[in-house]
Amino acid sequence: MSTDSKPHYQISFYCNNENYRHIPSHTLSVPTDITVDKLNMLANKTLNNISDKEFESVAFDFLISSTILRTTLEEFVQENHVPVESVISIECIVQEPAPEPDSDIALLDWIGAIRCNDKFIASATYGGELVLWNHYGKKLTSSVLHEEAIKCLALLPDQKEDRIVTGGHDQVLMLSDVETHGSSTFIKPTCVLRGHERSVEAIAVNTDGTRTVSGGFDKMLKVWNTDKDDTSTVFEKTRSEKTGKKKRTDIITKIPMVTLSGHKDAIVSAVWSPNSAKEVLTVSWDHTISIWDLELAGQINTLAAKKAFTSISVCCSSGMLITGSVDPVVRLWDPRSHEGTLVKQSFIGHCGWISSVFWNKVKENLFISASFDKTVKMWDVRSNKTPLYDLVGHSDRILCCDWSVNELIVSGGVDCTMKTYRRKIKKDFHPSAWWNIKKVWEARQKDEMEKKRQEDLRVAYEREQDILNNKALLGDEKARMGLSFMYDAPPGINKKEEDKPEPKFEWQRNWAKNNDAITDQPFGIQVRNVRCVKCHTWGHLNTDRECPLYNMNANNPSDLFKQLQKDRTEEKASQKTKVKEALKVRSTKHVITTANDEENEEQWEELTYDQLAENMKEEHGLTLKNNIFQNMRAEESIMNMGLRSEQEKMAVFFNTLSEKEKRKLSKKLLSATSDRSDKKKRNKRMKKSKSEKNEKKKHRRRKIEDFGESSMPETVHDEKRRRVDKNGKHRSHVGLDGKTGCFEAKEFGTTRRSRISSSQSTDKTSKRQDIEIVEKANRSRSHHKYHRSYDR
């Protein structure tokens, strides 16, 4: 199949790199199965065609829609759904140089932590030893700082000197100074940070090196003061705690400033946020990422995951996070995102747990990851399926890695070796290059603008001081104290007092001032030394609402009476409420309070119109006209019509009847009373007869028990019972059936049969006859007299 018959795509190149910005953007037609190498050759050929000079071949990577092309163009288009109807724009970026193995250093124990800066590489072992190396693998110095394994370390950014803080299994953090004297280097411990209860697993330091945070298996995040000049958290023993041992004066002990709790399992990694100097990010085995605010002393956000975390790193420019977990996937997080999932990308390529991740300090799209699969991988954020490079060489699990220096990648692990990989980076600087000339000009302009701004601030300060001195000479108190105009209230904030109206007469200015005896003031001002003409009380007028007779006619006494009654009822109600409150408070004095209540009721008993008229005449000297008094009496009789008792009503009703009707009514009342009395007597007799019967029965039972059943005579009651049975008037009948030999009982219209043998029936009849004989013999004459009286 010829190349002309293959399908083609329309593409165009462009580049943002200053060295290769002149690449042509012409539209090119390429086959769909073109690879990255062929695109690289095409881009280099287009660069050579536009210039007379021959360029060295440059290795490019190609970005399509912010994703690096790793496969053929056709596969990429299908996977990422790139539209092919228009021209596909491809960005050419310079390929990152491959890291090359540089040094392989063997140590005596596992390497638990490793960090590097521009001067040296610091490695910490499980034997508690801290070793310093130069960038080419030469040992500078070493010192045993901990009794047990060192699990984490951090380099404090200090311009004056280098300091290192380490933490390990012995639950302490050690702060050490790196001192250099000529060609020799020393590690000098200066401070011990105590406060953790279990192993320390994570350390992070802020940008100025004055604060350090640490976490470990005690689930606590502790904040330490690592400022040399600040001694506020220095711990000093009291006299009682001092021992006989000599104290080392060169090493001090500090306690944590703050201890924060929030994680439910061990804190294994921590970083300081680049966006805020008060925020710290931590990861834990409890499957969470916590964002802490150290000023608020608490968590402000929590990101949850499905796996336990092992490490975390943050990008200095974008604030994006990469995390390692107990699975072979590296995840990219955006904690500021509020749309969709927080995990933006997952980088798949490792075969074991991710033990450590680290972001590049210079380029925001590059990072490395170390794993238990004995490899270190270099990644580009724009290519999540394939790493840029695989760094191999370790023979066992890798525990830590670092990429603080752009040219150097360092790793260490269980194989007790520290390996370094160096990147050959071409330094893009030449004095005669136009882009470098531009950078120099921009830097100079920036310096000139900063100098001008400082000069303007100096002139403004001098003017302010001159104004302040002039005010002090004029007698301004604030200026004498050294306070500037910034402490003056802004215009309009102090409200002016409203001008009081001028008095009409001169004597009004000093009227009744400083004299409590004078309370009345003329010219419409409140007057109190007056007497009311209605109620004759001092302190108000008859037109004031304070008067109890306000809006009433003084010539109409009924209004006065109603008001007086109303006042007295109100006073009575208030007295009752007071009594109830007293009862609640003093429950023991119940009898006394009830007695007081009755006295109050007697005291505030309602008065009739006659009594009120007499009181008016005695107290106020008022008399009523005859017609008014008659109207009042008629009104009182009307009001009292419904208040008569039942006896009065009955008397009125009885007076309305005739003499004949009165006789009939009296007879009925007397017969009703006699019937009631007869019923009572009958009830008494019945009760008495019942009680006597019960006593006789008891007496008979006692005699039967004493004399025996055979000797008992038959009583009169038994003879009557037989006669009743013969006549058939009794409601129940018992008979013996000759055929069956059973008793037959008829009671209330029903027949009940009970099987009893004939011998048993004859025995019962004989016993009954004996009992009747005994009862009859023992009856006395008094008994017969009782029956005759009862029949009568």
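Leaving aside its neighbours within four places in sequence, which residues is Thr282 in contact with? The answer is a set of nine names if you read along: Leu221, His263, Ile267, Ser269, Ala270, Thr288, Ile289, Ser290 and Trp292. Thr282 is part of strand 21, which runs over residues 279–284. Its relative accessibility is 0%, so Thr282 counts as buried. With one of those partners there is also a polar contact: the side chains of Thr282 and Trp292 come to 2.8 Å.

**How far to trust the model**

Please keep in mind that this is a predicted model. Across the protein chain the mean pLDDT is 77, and 70% of the residues reach 70 or more. Some stretches score lower. Residues 709–716 stay under 50, and the model gives them 43 contacts beyond four places in sequence. Residues 726–762 are also below 50 in pLDDT, with 45 contacts beyond near neighbours in sequence. Where pLDDT is low, the predicted coordinates should not be read in detail.

**A helix with two faces**

Now let us turn to helix 1. This helix covers residues 36–50, which makes 15 residues. At 1.5 Å a residue, a span of 21 Å is expected, and the end C-alpha atoms are 22 Å apart, so the two values agree.

Which residues of helix 1 are buried? They are Val36, Leu39, Asn40, Ala43, Asn44, Thr46 and Leu47. These residues cover an arc of only 155° around the axis, and therefore sit on the same side of helix 1. A general rule helps here: an α-helix has 3.6 residues a turn, so residues three or four places apart point the same way. The cover over the buried residues includes strand 1 (8–14), strand 3 (60–64) and strand 5 (88–94). On the face turned away from that buried side you will find the exposed residues Asp37, Lys38, Met41, Lys45 and Asn49.

**Salt bridges**

How many salt bridges does the structure hold? There are 20. Three of them are set out here.

| Salt bridge | Closest N to O |
|---|---|
| Lys119 and Asp162 | 3.3 Å |
| Asp177 and Lys228 | 2.9 Å |
| Arg331 and Asp327 | 2.9 Å |

Take the pair Lys119 and Asp162, joined by a salt bridge. Lys119 sits in the loop between strand 7 (111–116) and strand 8 (121–125), while Asp162 belongs to strand 12 (residues 162–168), so the pair ties together parts that are 43 residues apart in sequence. Lys119 is exposed, having a relative accessible area of 55%, whereas Asp162 counts as buried at 14% relative accessibility.

The salt bridge between Asp177 and Lys228 also links distant parts of the chain, 51 residues apart. Here Asp177 lies in strand 13 (residues 172–181), and Lys228 in the loop between strand 17 (220–225) and strand 18 (252–254). Asp177 is buried, with a relative accessible area of 4%, and Lys228 is partly exposed at 42%.

In the pair of Arg331 and Asp327, Asp327 counts as buried because its relative accessibility is 8%. Beyond single pairs, Glu96, Lys363 and Arg423 are joined into one network by salt bridges that share partners.

Conventions:
Residues numbered from 1 in each chain as written. Predicted model: local features only at pLDDT ≥ 70, side-chain atom pairs only at ≥ 80, totals over all residues. Heavy atoms only, no water. Helix = DSSP H or I, 4+ residues; strand = E, 2+ residues; numbered from the N terminus. Expected span 1.5 Å × (residues − 1). Buried < 20%, exposed > 50% of the residue type's maximum accessible area, 1.4 Å probe, protein only. Arc of directions from axis to C-beta. Contact = heavy atoms within 4.5 Å. pLDDT = per-residue confidence, 0-100. Polar contact = N/O pair within 3.5 Å; in protein donor to acceptor, adjacent residues only side chain to side chain. Salt bridge = Lys/Arg side-chain N within 4 Å of Asp/Glu carboxyl O.
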